[in-house]
Every structure is written in C-alpha cells, then in structure tokens.
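Trainee: Could you go through this model with me and show how each label is earned? I'd like to see the values set against the cut-offs.

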Amino acid sequence: MKKPTSLYLNELQVNRVARRLEKALDGHGSLSGFFTWIEERAYAALMEGGEYKDPSSEPIWRHYFNAIDRWYRQGEEQAMATYRQAWEQVEKRLPWHRENPAASHVLALFLLRQTSRPLWDRPRSVKAPLNPLIGILIETTDQILADFKLTAQRSSAKQGERGLLWLSDRVEEVREPRARPVSFYFHEQAHAMMLRAFQGTFFDRLLGALDELLSGWGFEVAGLEPEARFLEHPMTFFQRWPLEIPPVVMLNTLALYRLAETPEDERWLDELHESHYIQEWEYKRGHYFGGGYSWEALVRLAERFGRERMRQASLEMFKEDLDGYSFDGHDFYYGLSFHLAFRLGLIDPANPQNKPTPEQVLGAFMSRYGLSELKPERRLMYRVLRHLFPSPNDNPTDPVQYHALGLLQAYALEVLPEDEREPERVSHTVLGLLGQTHLFPTRDTLEAWSGMRVRVDSSGRWRLYKGRKLWRELSEEQAFEVASLLKDVALPLNGKERNMPHRWEEQFDPYEKTPRAAYRLGPVAIEAALEALAAPTPYEGEGPRLEAERQTYRIELLKSRLQKDALSRSE
C-alpha cells in the first residue's frame with residue numbers, strides 16, 4: 001500500500017532535477033515516479049526474491065572491492081574504466097539483473113556507502129558559489145585577494161549557491177537554498193527497506209548525482225540551436241535569420257588535426273594553417289568577427305581528405321569549441337542559417353556564394369534526419385541527435401554517478417514509447433541534451449512561464465492548453481516575441497549575456513546586489529507579455545539601438561506587472 005511520505009531535500013536541486021528529468025523523458029516519466037519505481041524494483045528482487053547461493057562468485061566480488069579500493073589511487077578516467085569492468089563482471093552473476101537491473105544498481109550503491117564513505121558522502125552540487133571570471137579575467141594577486149575577501153564576507157556560507165525555483169504559481173530567485181519537505185507516494189515496506197539500508201541518505205545522494213549528470217550541457221545546447229530553431233520556426237526561419245556567407249570559416253583546429261593519419265599529413269596541415277588562416281578583425285552590423293580559415297583552405301582540405309571527412313571535422317566545432325560564432329535570437333550576422341546550411345553540406349567551399357534556397361535546406365534537413373514533419377518536439381530532436389551522435393558515450397565521473405545513470409536508464413527504458421526504447425535514446429548524452437529546459441527556446445520558455453502544454457499545428461499556430469482545453473492560440477510571430485521577452489525577465493546575468501539563450505537559467509553573478517525577485521507564472525504571464533509588446537514606448541524610429549531601448553522598456557514594464565503580482569500572492 002502506498003502512502004504520502006516526505007523527504008527533506010535541497011529545494012533547488014529537487015526542482016531542477018524534476019524539471020530536467022521530465023524533459024529528458026519527454027513527459028513520459030517524473031522524479032516522483034522514478035523514486036517510487038526504484039524502491040519497488042529493489043524490494044521485489046532484494047527482499048522478496050528469495051535466497052541466492054553462489055559460492056563461486058567470491059573472486060569476482062573480491063575483484064570488485066579491489067576496484068573500489070583503487071579508486072583513489074588512479075586517475076579519474078582510468079579508475080572509472082577499472083570500476084566499470086569490475087562491475088560488469090559482477091552484474092552477470094546476479095540472477096535478477098537481466099529482468100531487474102535497478103535492483104543491481106541499488107545493491108551497488110549500498111556497497112559503495114558501506115565501503116567508500118568519502119565517495120558516498122561527497123557534497124554534490126552544480127551551483128557552488130564560484131566567480132565565473134576567475135581564471136579568465138582575474139590575473140593579479142590583488143584582484144584574487146579582493147575576490148577572497150568578498151566571498152568571505154557573505155552573509156552566510158551558502159550565499160552564492162543561487163538558482164531559479166519554479167513553483168506552481170511563481171518563479172523565485174533563491175540565494176540560500178534550504179532542505180524542505182517534498183512529498184512522494186511510497187510503498188510502505190519498500191520505503192522502510194531503503195531508509196534502514198541507507199540510513200536515510202539514499203535519495204539525497206541520488207538527487208545530487210542526477211543533478212550533476214543532467215547539468216552542464218549549456219554549451220552543447222547552444223551548438224544545437226540551428227536545428228532547434230529550425231524545428232520551432234521552419235516557416236519563418238530564413239526571414240528571421242537571413243543566410244549570409246562569412247568571408248572566413250571558424251573551424252576547430254584540434255578537430256582538423258584529427259584528419260591527419262601520417263606525419264606528412266600533420267606537416268601539410270601546419271603549412272595550410274600558416275598560409276590560409278586569416279587573423280583579422282571585421283566589423284559587420286555592430287559586431288566584431290575574429291579570424292578564420294579561408295574558403296580556399298576548405299577546398300584544399302576536401303581535395304586531400306575528402307569532402308565528407310572535411311565536413312565532419314568542421315561539425316566538431318559545435319561539439320567542442322563554441323568560440324567561433326555565437327548565436328542570437330535576433331540579428332547576429334553569421335549565425336543560425338549559415339551553420340544549418342553548412343552542416344547539411346549545402347555550402348560548396350569552391351563556390352560559397354552560391355547559396356541554397358530555403359526549399360533546398362528544408363528538403364536536406366528532413367532527408368538527413370529522417371523526418372516527416374517539423375515541430376519543436378523532443379522525439380524529433382532525438383532523430384537529429386541520433387545522426388549527430390551516432391555512438392554516444394556515457395560519461396559518469398565516479399561510481400555513484402555510474403549507478404545513478406544506470407537507474408535512470410533502466411527507468412527510461414520502461415516508460416518511454418516502444419519505438420524509443422533503445423540504448424542510444426537513454427545514453428548520457430541524449431538524456432542530458434533533451435533534459436535541458438531551454439532546448440527549444442520558444443516552446444520551453446512558453447511552457448515554463450504559462451504552466452501549460454504548448455503544441456504547434458501544421459499551419460504554424462502555437463496552441464496553449466490548460467489540461468485538455470485550448471486556452472489560447474498565438475501566431476508564430478507572437479510566440480517568438482512573447483518567449484523572447486519572458487526569457488529576458490528572469491535573466492540571471494542582468495542582461496550581460498542576453499545573446500546567449502543557453503545560459504538563461506544556468507549561471508548567476510555572485511556579486512549582484514539587487515533584491516531577491518519573484519515573478520508570477522500562469523496565463524497572466526502570457527497576457528502581460530502580449531500587453532507589454534503592444535504598449536507604446538517613448539523610443540520612436542528605426543535602428544538596432546532604438547530597438548534595444550524599446551525591448552528594455554518592455555522588459556521593465558513586464559517585470560513590474562509580474563513581480564508585483566507574485567509578491568502579493570506570497571504575502
């Protein structure tokens with residue numbers, strides 16, 4: 001029999017993980033359901049499954065415990081490989097593992113708690129109070145000491161561990177998160193088993209490991225923005241982001257050197273870099289652009305290594321080095337359209353000015369990724385990821401993460417639709433990317449602020465549903481503008497990174513002195529955003545500077561409406 005039970009968990013962690021896990025599973029699972037499922041699966045095998053006798057397994061277990069013991073004496077990568085190999089030998093001897101891998105992972109976590117307390121008790125937080133500028137801009141002793149003093153003078157040790165807390169009726173900025181009771185429905189006997197076996201620490205440690213596994217994907221999501229935006233706005237993509245061909249192409253040098261198979265290839269690449277890398281700055285439409293490789297260099301690369309290998313090497317840029325061209329939701333010069341066309345192989349290095357038509361890009365996109373429709377849905381983005389990451393890797397950094405990921409993967413394979421129950425769909429890479437709550441900048445923002453389901457029909461109309469009832473329809477233009485405005489309302493970095501949508505709920509400035517803010521969620525957020533967009537502003541005329549002033553005016557207008565309502569509701 002199930003009954004409601006409260007667990008005391010970090011309010012930011014549980015909120016963050018719950019939202020990301022639901023996105024990773026595309027709404028087919030939840031954190032509450034995941035926790036309940038773990039207990040029931042573990043109880044079925046470990047308590048009700050009878051006795052198991054396997055005297056010959058002692059050497060395998062001895063090897064496993066030696067792998068744990070060697071964990072602290074090896075580098076992370078080597079230690080993880082050793083542990084993985086040892087555990088794979090163990091799981092083959094567990095009679096329930098094939099049908100119930102969750103119970104095996106719970107048993108492993110129990111052993112880690114018993115034998116490796118430093119690893120089990122290690123604090124797990126992705127929101128440590130760090131200054132993101134250290135190591136980048138701070139270079140002198142006095143600056144480093146100033147940062148130390150400022151950190152040491154905070155009002156509490158937790159100050160700086162900040163984040164956005166998305167509640168049912170409002171979003172709040174939390175600066176000192178607390179452990180608060182969170183209600184779950186647990187089977188009474190199964191929950192008692194977990195409490196006693198882990199002394200009440202299981203879900204706290206599991207939550208921290210999940211937080212680490214599902215966080216830190218912001219730069220990869222930024223690299224996927226061309227595909228995500230094309231799925232969201234296929235009808236207006238090229239009107240909103242016109243295709244412009246840059247004079248040079250930013251390529252990841254390390255990725256290029258992977259093309260080399262012989263020392264002669266490496267010397268050839270050295271000469272190519274010296275003769276064809278253009279280290280100049282160009283000013284276009286209010287933006288500076290750094291150097292890069294000439295188009296002639298790409299032609300020569302294609303001649304030596306083959307066009308497909310050259311193109312694949314260039315794609316590594318978005319996986320490893322996003323310093324080339326940042327993407328922007330409004331008017332960045334060389335951005336989304338160019339990257340999308342280039343990745344699809346529609347830009348000929350020998351004749352780059354021969355630009356593909358929107359119809360050619362559409363056909364190539366749907367053919368490359370095997371799509372029959374374009375909508376901002378994670379099941380469709382998964383098809384894109386299957387092509388971009390044909391052999392995704394799981395990258396846990398310690399045994400606790402390894403088994404937390406194993407539990408999540410086993411749960412996903414039970415709750416996902418039949419046609420998605422495959423190893424690639426539940427890989428760490430795919431779960432991490434699909435789990436980001438800003439993967440689709442327009443749809444995810446509208447859903448977060450409205451608290452409603454958002455669907456896009458074949459005509460490009462955006463529909464918001466309260467339960468099963470249609471609440472409102474938005475045009476494609478309205479949906480984009482409303483989402484862009486709402487995204488900037490709770491922007492953590494005070495507008496410093498407004499052009500980087502992948503960071504809109506990822507980072508906070510630890511030195512900000514503004515008061516804690518709270519904004520109301522629900523239909524009122526959509527209505528207020530539409531009113532702010534329609535309201536007259538004191539800034540008349542054309543030009544990017546005046547448009548930026550108008551947008552700032554609208555943001556402040558929207559903030560005053562939503563912030564006042566949120567505070568009155570919490571009083």
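**Labels and their cut-offs**

Mentor: Let's start with His 276, which counts as buried at 10% relative accessibility. Bear in mind that the model is predicted: local features need pLDDT of at least 70 and side-chain atom pairs pLDDT 80 or more, while totals for chains, interfaces and linings use all residues. Residues are numbered from 1 along each chain as its sequence is written, and side-chain values use heavy atoms, with hydrogens and water left out.

Trainee: Why does His 276 count as buried?

Mentor: Buried means under 20% relative accessible area, exposed means over 50%, and partly exposed is in between (1.4 Å probe, protein chains only). His 276 has 10%, so the label is buried.

Trainee: Where is His 276 found, and what is His 276 in contact with, leaving aside its neighbours within four places in sequence?

Mentor: His 276 is found in helix H14; helices (H or I, at least four residues) and strands (E, at least two) are DSSP runs, numbered from the N terminus. Leaving aside neighbours within four places in sequence, His 276 is in contact (heavy atoms within 4.5 Å) with residues including Gly 292, Tyr 293 and Arg 300. Its C-alpha atom and that of Val 248 are separated by 9.8 Å, and the two residues are 28 apart along the chain.

Trainee: How do you know that Gly 223 is buried?

Mentor: Gly 223 has a relative accessible area of 0%, so it's on the buried side of the cut-off. Gly 223 sits in helix H10 (residues 218-223). Its C-alpha is 9.4 Å from that of His 339, although their positions lie 116 residues apart along the chain.

Trainee: What makes the patch with Asp 270 a negative one?

Mentor: The patch is formed by Glu 266, Asp 270, Glu 271 and Glu 274. Asp and Glu count as negative, Lys and Arg as positive, and His and the chain ends are not counted. Patch members have over 30% relative accessible area and no salt bridge; like charges are joined within 9 Å, nonpolar side chains (Val, Leu, Ile, Met, Phe, Trp, Tyr) within 5 Å. The place of a charge is NZ of Lys, CZ of Arg, CG of Asp or CD of Glu. Asp 270 has 35%, so it passes the 30% mark while still being called partly exposed. Asp 270 lies in helix H14 (residues 263-276).

Trainee: What is the nonpolar patch made of, and why is Tyr 553 called partly exposed?

Mentor: Tyr 539, Tyr 553 and Leu 557 form that patch, with about 230 Å² of accessible area together (Shrake-Rupley method, 1.4 Å probe; for residues, only the protein chains shown count as cover). Tyr 553 has 32%, which is in between 20% and 50%, so it's partly exposed. Tyr 553 is found in helix H25 (residues 544-570).

Trainee: What makes Arg 443 and Glu 447 a salt bridge?

Mentor: A salt bridge needs a side-chain nitrogen of Lys or Arg within 4 Å of a carboxyl oxygen of Asp or Glu. Arg 443 and Glu 447 meet at 3.2 Å, N to O, so the pair qualifies. Both lie in helix H22 (residues 441-450), four residues apart, about one turn of the helix. Arg 443, at 9%, is buried, and Glu 447, at 14%, is buried too.

Trainee: Why does Lys 559 with Glu 556 count as a salt bridge?

Mentor: The closest N and O atoms are 3.9 Å apart, so the pair makes it under the 4 Å limit. Lys 559 and Glu 556 are three residues apart in helix H25, about one helical turn. Salt bridges that share partners also join Lys 23, Arg 378, Arg 443, Asp 444, Glu 447 and Arg 455 into one network. The structure holds 38 salt bridges.

Trainee: What is unusual about phi of Gln 199, and why does Gln 199 count as exposed?

Mentor: Phi of Gln 199 is near 55 degrees, a positive value in a residue other than glycine. Gln 199 has 56% relative accessibility, so it clears the 50% cut-off for exposed. Gln 199 is found in the loop between helix H8 (188-198) and helix H9 (202-213).

Trainee: How many helices and strands does the protein chain have, and what share of its residues count as buried?

Mentor: The chain has 25 helices and 12 strands, and 52% of its 571 residues count as buried.
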